[in-house]
Amino acid sequence: MNERSFTIDTMHSMDKRTQILSATEQLIATRGLDKVSMQQVAKHAGVAAGTIYRYFDDKDDLLLQLSAHLMMQCATHIQHGVKDEPTLRDQFERLWRNTWHMMLQRDHLLLSRDQFEALPRDDHAHTQQERIAFADLYRVIQQGKDQRLFKPMDDDVLITLGLEPAVCLARKQVRGVITLNDDAIADAIRACWDAISLH
């Protein structure tokens with residue numbers, strides 16, 4: 001079975017909308033946002049060109065919905081199991097590790113990050129959706145501030161200081177610049193916790 005037939009077989013098991021979104025994501029990662037056409041998406045998704053327009057008004061609508069779809073996937077992965085952790089520190093560590101593992105598993109998001117960050121979006125609506133989608137993450141940050149464990153800074157600044165290093169380190173690992181073992185990962189998590197904590 002070649003790569004294309006594997007991709008098409010995998011996509012047949014998805015619903016059509018998800019199939020189209022997945023094809024668009026793969027094409028953006030490999031070709032770049034500006035070089036993706038609706039015809040290419042249809043071909044890569046294994047659907048007729050007209051099928052796309054049953055789910056999306058046009059390319060802009062497809063890209064807006066892809067942006068929301070990726071955000072929801074990221075939120076699900078990053079927050080998985082966070083509520084099960086007993087302490088705030090354990091919850092932070094779970095968020096960090098989930099971010100690290102998600103980025104390693106979806107390395108095309110790392111390697112083409114600028115392309116995905118350039119996806120169109122309604123910034124006001126996106127901010128509201130992000131707050132809802134990442135409710136567990138924002139809850140951890142707010143609890144840390146309420147308990148005077150975290151610095152009294154803007155939530156998004158704390159999230160960036162706490163979790164963005166996981167993304168940057170994963171990018172370096174994927175590119176072969178560094179190789180982090182378990183001890184190095186634990187050290188990185190401690191350094192990120194220290195960056196947002198009051199001492």
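## Aromatic pairs

Phe-56 is buried, and its relative accessible area comes out at 0%. In this predicted model, Phe-56 pairs with Tyr-55: the ring centres sit 6.4 Å apart and the planes make an angle of 50 degrees, so the pair counts as tilted. Tyr-55 is partly exposed, at a relative accessible area of 32%. So the tilted pair joins a buried ring, Phe-56, to a partly exposed one, Tyr-55.

The rings of Trp-96 and Trp-100 have centres 6.1 Å apart and planes at 20 degrees, so this pair is stacked; the cut-off for stacking is an angle under 30 degrees. Both tryptophans belong to helix 6, where they are four residues apart, or about one turn of the helix. Trp-96 and Trp-100 are both buried. The search of the whole structure turns up four aromatic pairs. There is also an aromatic cluster, made of Phe-92, Phe-150 and Trp-193.

## Salt bridges

How many salt bridges does a search of the whole structure find? The count is seven. As background, side chains of opposite charge can pair when their charged atoms come close.

One of these bridges is in helix 6, the helix that also holds the stacked tryptophans. Arg-97 pairs with Glu-93, with 2.8 Å between the closest N and O atoms. The two residues are four apart in helix 6 (residues 88–105), which means that about one helical turn separates them. Both ends of this bridge are partly exposed: Arg-97 has a relative accessible area of 26%, and Glu-93 has 29%.

Asp-155 takes part in two bridges, one with Arg-131 and one with Lys-145. In the bridge to Arg-131, the N to O distance is 3.2 Å. That pair connects distant parts of the chain, with Arg-131 in helix 9 (residues 123–133), Asp-155 in helix 11 (residues 155–174) and their positions 24 residues apart. Arg-131 is partly exposed at 37% relative accessible area, whereas Asp-155 is buried at 8%. In the bridge to Lys-145, the closest N and O atoms are 2.5 Å apart. Lys-145 is in helix 10 (residues 135–146) and Asp-155 in helix 11, so this bridge ties together parts that are ten residues apart in sequence. Elsewhere, Lys-83, Asp-136 and Arg-139 are joined into one network by salt bridges that share partners.

## Helix 5, end to end

Helix 5 covers residues 59–79, and its 21 residues should span 30 Å at 1.5 Å a residue. The C-alpha atoms at its ends are indeed 30 Å apart, so the model agrees with the expected span. At the start of the helix, a side-chain oxygen of Asp-58 comes within 3.2 Å of the backbone nitrogen of Asp-60. Just past the other end, Gly-81 has a positive phi of about 75 degrees.

Which residues of helix 5 are buried? Leucines show up several times, as Leu-62, Leu-63, Leu-66 and Leu-70. Among the others are Met-71, Cys-74, Ala-75 and Ile-78, and the list also includes Asp-61, Ser-67, His-69 and Gln-79.

## Helix 2, the same checks

Helix 2 (residues 16–31) has 16 residues, for which 1.5 Å a residue gives an expected span of 22 Å. Its end C-alpha atoms are 22 Å apart, so here too the model agrees. Asp-15 caps the N-terminal end, with a side-chain oxygen 3.1 Å from the backbone nitrogen of Arg-17. After the helix comes Gly-32, with a positive phi of about 100 degrees.

The buried residues of helix 2 include Ile-20, Leu-21, Ala-23, Leu-27, Ile-28 and Ala-29. Gln-19, Ser-22, Thr-24 and Glu-25 are buried as well.

## The chain as a whole

Zooming out, the protein chain has twelve helices and zero strands. Of its 199 residues, 41% are buried. The accessible surface comes to about 11000 Å², and carbon and sulfur atoms account for 51% of that.

What share of the contacts between residues at least 6 apart in sequence joins residues at least 24 apart? The figure is 68%. The bridge from Arg-131 to Asp-155, at 24 residues apart, is one link between distant parts of the chain.

How values were computed: Residues are numbered from 1 along each chain as its sequence is written. This is a predicted model: local features need pLDDT of at least 70, side-chain atom pairs count only at pLDDT 80 or more; totals for chains, interfaces and linings use all residues. Side-chain values use heavy atoms; hydrogens and water are left out. A salt bridge is a side-chain nitrogen of Lys or Arg within 4 Å of a carboxyl oxygen of Asp or Glu. Buried means under 20% relative accessible area, exposed over 50%, partly exposed in between (1.4 Å probe, protein chains only). Contact means heavy atoms within 4.5 Å. Accessible areas come from the Shrake-Rupley method with a 1.4 Å probe; for residues, only the protein chains shown count as cover. The expected span of a helix is 1.5 Å times one less than its number of residues. A polar contact is a pair of N or O atoms within 3.5 Å; within protein, one must be able to donate a hydrogen and the other to accept it, and residues adjacent in sequence count only if both atoms are side-chain atoms. Rings of Phe, Tyr and Trp (its six-membered ring) pair if their centres lie within 6.5 Å; planes under 30 degrees apart count as stacked, over 60 as edge-to-face and the rest as tilted.
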